[in-house]
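This report describes a protein model for a reader who is new to structural biology. Please keep the sequence and the structure in view while reading.

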Amino acid sequence: MIDYHYFFLIGSVLVAAVSQVLLKKGALHHYDSWIREYLNPWVITGYILMFGSVFLSIMGLRGVDFFNAPVIDSLGYVLVPVCGAVFFHEKLTARKLVGICCIVLGMAVLPLRSAAAISHNRRSGAYLQCRRQAPPDHPDGRGRHDGLPGRD
């Protein structure tokens, strides 16, 4: 069963991609005063969507492992050019298409590689072990944490 927190993260990336395209369109307009540059519909909508993306990310990261979040976050590199092409009819150049293909391929390979590494570590018994250190009043007399210089 897929966790619904992943949908929050994917939605966050989608909203952030749309807001980036809106902010780009707002930056292309030239106005007479600096206050009108920031108080136009493109920029205001873009910033509102960006704040919404932050809240969606917070909701998604409550239930998703932090190792999976960057894989989902890299989806934004694909969605920004696609949103620009869909909403504003920007051209998808060959360079953008090659970049999108490389990112999609990387997103497909990274989870498989991580799963293979975890499986290999479980089979070989290579686990990270936490050593408990002796408390300061322990009879062995060490009274310090090994590996941390300057703590006696």
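## A buried residue and its surroundings

A69 has a relative accessible area of 15%, and this residue is therefore buried, since buried means under 20%. The model discussed here is a predicted one. A69 is found in helix α4. In space, the C-alpha atom of A69 is 7.7 Å from that of L9, although the two residues are 60 residues apart in sequence.

The setting of A69 is a protein chain with six helices and zero strands. Read from the N terminus, the order of elements is α-α-α-α-α-α. The protein chain has 152 residues, and 21% of them are buried.

## Two residues of helix α3

Helix α3 holds both V54 and S57. How exposed is V54? With a relative accessible area of 42%, V54 is partly exposed, because this value lies between the limits of 20% and 50%. S57 has a relative accessible area of 21%, so S57 also counts as partly exposed.

Each of these residues can be paired with a residue that is distant along the sequence. V54 and S12 are 42 residues apart in sequence, with 7.1 Å between their C-alpha atoms. For S57 and V13, the separation along the chain is 44 residues and the C-alpha atoms are 8.2 Å apart. The table sets out these pairs together with the pair formed by A69 and L9.

| Pair | Separation in sequence | C-alpha to C-alpha distance |
|---|---|---|
| V54 and S12 | 42 residues | 7.1 Å |
| S57 and V13 | 44 residues | 8.2 Å |
| A69 and L9 | 60 residues | 7.7 Å |

## The second largest pocket

Rolling a probe the size of a water molecule over the atoms shows where empty space is left. The second largest pocket contains about 220 Å³ of space. Four elements give two or more residues to the lining of this pocket: α1 (5-28), α3 (41-61), α4 (69-73) and α5 (76-88). Which element supplies the largest share of the lining? That element is α1, with six residues.

The lining of the second largest pocket consists of 15 residues. Those nearest the centre of the pocket are S12, V13, A16, D73 and G76. S12 and V13 have already appeared above, as the partners of V54 and S57 respectively. By chemical character, the lining of the second largest pocket comprises nine nonpolar residues, five polar residues and one charged residue.

## A nonpolar patch on the surface

Attention now turns to the surface. Here W34, I35, Y38, L39, I44 and I48 form a nonpolar patch, and their accessible area together is about 680 Å². Helices α2 (34-38) and α3 each contribute at least two residues to the nonpolar patch. The largest share comes from α2, which provides three residues.

One member of the patch is W34, and this residue lies in helix α2. Is W34 buried or exposed? The relative accessible area of W34 is 61%, which means that W34 is exposed, the limit being over 50%.

Conventions:
Residues are numbered from 1 along each chain as its sequence is written. This is a predicted model: local features need pLDDT of at least 70, side-chain atom pairs count only at pLDDT 80 or more; totals for chains, interfaces and linings use all residues. Side-chain values use heavy atoms; hydrogens and water are left out. On a 1 Å grid over the protein atoms alone, a cavity is a set of points where a 1.4 Å probe fits but cannot get out, and a pocket is an open set with protein on both sides within 12 Å along at least five of seven lines; lining residues have an atom within 4 Å of a point. Grid points are joined across faces, edges and corners, and a volume is the space filled by probe spheres set on the points. Ala, Val, Leu, Ile, Met, Phe, Trp, Tyr, Cys and Pro count as nonpolar, Asp, Glu, Lys and Arg as charged, and the others, Gly among them, as polar. Patches are made of residues with over 30% relative accessible area and no salt bridge: like charges are joined within 9 Å, nonpolar side chains (Val, Leu, Ile, Met, Phe, Trp, Tyr) within 5 Å. Accessible areas come from the Shrake-Rupley method with a 1.4 Å probe; for residues, only the protein chains shown count as cover. A salt bridge is a side-chain nitrogen of Lys or Arg within 4 Å of a carboxyl oxygen of Asp or Glu. Buried means under 20% relative accessible area, exposed over 50%, partly exposed in between (1.4 Å probe, protein chains only).
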